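Colleague: I'm new to reading protein models. Could you walk me through one, a feature at a time?

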Amino acid sequence: MCTMIVEKVKVDGSGKGQNGWFKLEQANVSYDHPFDAPFEHALNIDFVNESQGVGARVAVELSEQAARELVKTILQVLDEAEAGGHLS
Amino acid sequence: MYQTDMYEGLLAETIAMQGANGDTINAFFARPLGRGPFPAMVLAHHMPGWDQWYRETTLKFAHQGYITISPNLYFRAGHGTPEDVAAKVRADGGIPDDQAVGDLAGAMRYVRALPYGNGKVGIFGTCSGGRHSYLTACQTPGFDAVVDCWGGRVVMTPDQLNDKNPVSPLDLTKGLSCPILGLFGNDDSSPNPEQVNQHEAELKKLGKTYEFHRYDGAGHGFFYYNRAAYRQAQAVDGWEKVSAFLEKYLA
């Protein structure tokens with residue numbers, strides 16, 4: 001907990017965890033120590049459903065650069081989908 | 001020093017203990033076999049949780065002759081793998097300082113009550129555990145030595161304070177009643193070298209007994225052999241510093 005930088009956001013969708021797919025309710029986004037990625041700090045995203053216990057979690061730990069590229073790419077894909085008339 | 005014809009034996013198990021507010025929490029406990037008297041250590045685990053490294057470190061201290069207890073400071077977050085529990089705590093902005101201090105003080109009382117102790121108790125922590133160790137030693141009589149390994153956010157600015165972290169640990173330094181050993185990597189960003197200097201200056205100003213060691217070529221968590229942060233030479237030297245410090249104040 002050495003930066004304590006964390007934000008929570010409600011999300012709607014599904015995640016595939018250790019016991020298969022489950023309904024997602026929240027994403028916890030932090031910039032703090034990762035568990036596995038080889039960095040002192042990482043952009044960590046935990047997609048969770050707390051009502052199903054702490055194990056209902058899909059985790060990613062990204063470098064700062066990777067996280068920024070991912071954000072840009074997500075927005076680019078959504079823009080393309082919107083331009084193609086795929087967003088209702 | 002160990003000789004190959006010596007007998008060695010340890011007892012290690014999960015136990016229940018009373019922590020903050022009288023809550024029952026679990027802890028990993030290990031001790032040398034024999035009637036003692038043995039010194040004791042309380043371990044404050046790090047942000048990645050009550051994990052394998054802390055179990056191993058509990059055994060390491062016990063193997064070196066200490067009654068050792070590592071309370072599960074994330075007990076109240078629920079149960080699952082250490083990573084999943086720690087991820088929940090991380091998302092919730094950590095645990096309240098007064099709760100951590102209460103749990104660690106409870107662990108100290110647990111080992112003090114054992115009939116084979118020598119009456120000396122130290123506390124050791126890394127990362128957030130270093131910070132929690134310092135907070136506890138500053139607010140709780142009953143510790144004879146504290147080891148703070150790269151505890152971040154000991155020096156806090158007013159904008160960093162909140163309900164869970166209401167006071168900067170640095171401002172509690174006056175209450176520190178035992179010697180402190182601090183180990184830090186000069187490439188660390190939390191605490192960074194300037195914050196370590198501020199911490200040392202406060203200890204010096206208040207006349208505390210302290211020993212700070214700063215390591216070049218090391219950042220945060222350089223003891224963690226399972227992480228990229230591991231630095232072999234610095235870790236070996238750091239562990240030697242820990243052993244010598246505890247031998248001096250707890251034997």
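Modeller: Sure! Keep in mind that this model is predicted. Let's begin with a helix and what covers it: the cover over the buried residues of H2(B) includes S1, strand S2 (20–32), strand S3 (42–48) and strand S4 (57–62), which belong to chain A.

Colleague: How many of the ten residues of helix H2 of chain B are buried?

Modeller: Nine of the ten in H2 (residues 82–91) are buried, so the helix is largely enclosed by the rest of the structure. Among them are Pro82(B), Asp84(B), Lys88(B) and Arg90(B). Just after H2(B) comes Gly93(B), with a positive phi of about 80°.

Colleague: Back to S1 of chain A. Why does Gly15(A) count as buried?

Modeller: Burial is a matter of counting neighbours, and the cut-off is 20 or more other C-beta atoms within 10 Å. Gly15(A) counts as buried because it has 20 C-beta neighbours inside 10 Å. Gly15(A) sits in strand S1 (residues 5–17). Leaving aside neighbours within four places in sequence, Gly15(A) is in contact with Phe22(A), Leu24(A), Phe47(A) and Val58(A).

Colleague: And which residues touch the most other members of the largest nonpolar core?

Modeller: The general idea first: in soluble globular proteins, nonpolar side chains tend to be buried together. Here the largest nonpolar core has 72 residues, and Val42(B), Tyr74(B), Leu104(B) and Val111(B) touch the most other members. Helix H3 (residues 97–112) of chain B gives this core its largest share, eight residues. Not counting residues up to four places away in sequence, Val111(B) touches Ala40(B), Val42(B), Ile67(B), Ile69(B), Gly117(B) and Val121(B).

Notes. Residues numbered from 1 in each chain as written. Chains lettered and ligands numbered in written order. Predicted model: local features only at pLDDT ≥ 70, side-chain atom pairs only at ≥ 80, totals over all residues. Helix = DSSP H or I, 4+ residues; strand = E, 2+ residues; numbered from the N terminus. Buried ≥ 20, exposed ≤ 12 C-beta atoms within 10 Å, placed from the backbone. Contact = placed C-beta atoms within 7 Å. Core = buried A, V, L, I, M, F, W, Y, C linked by C-beta atoms within 7 Å.
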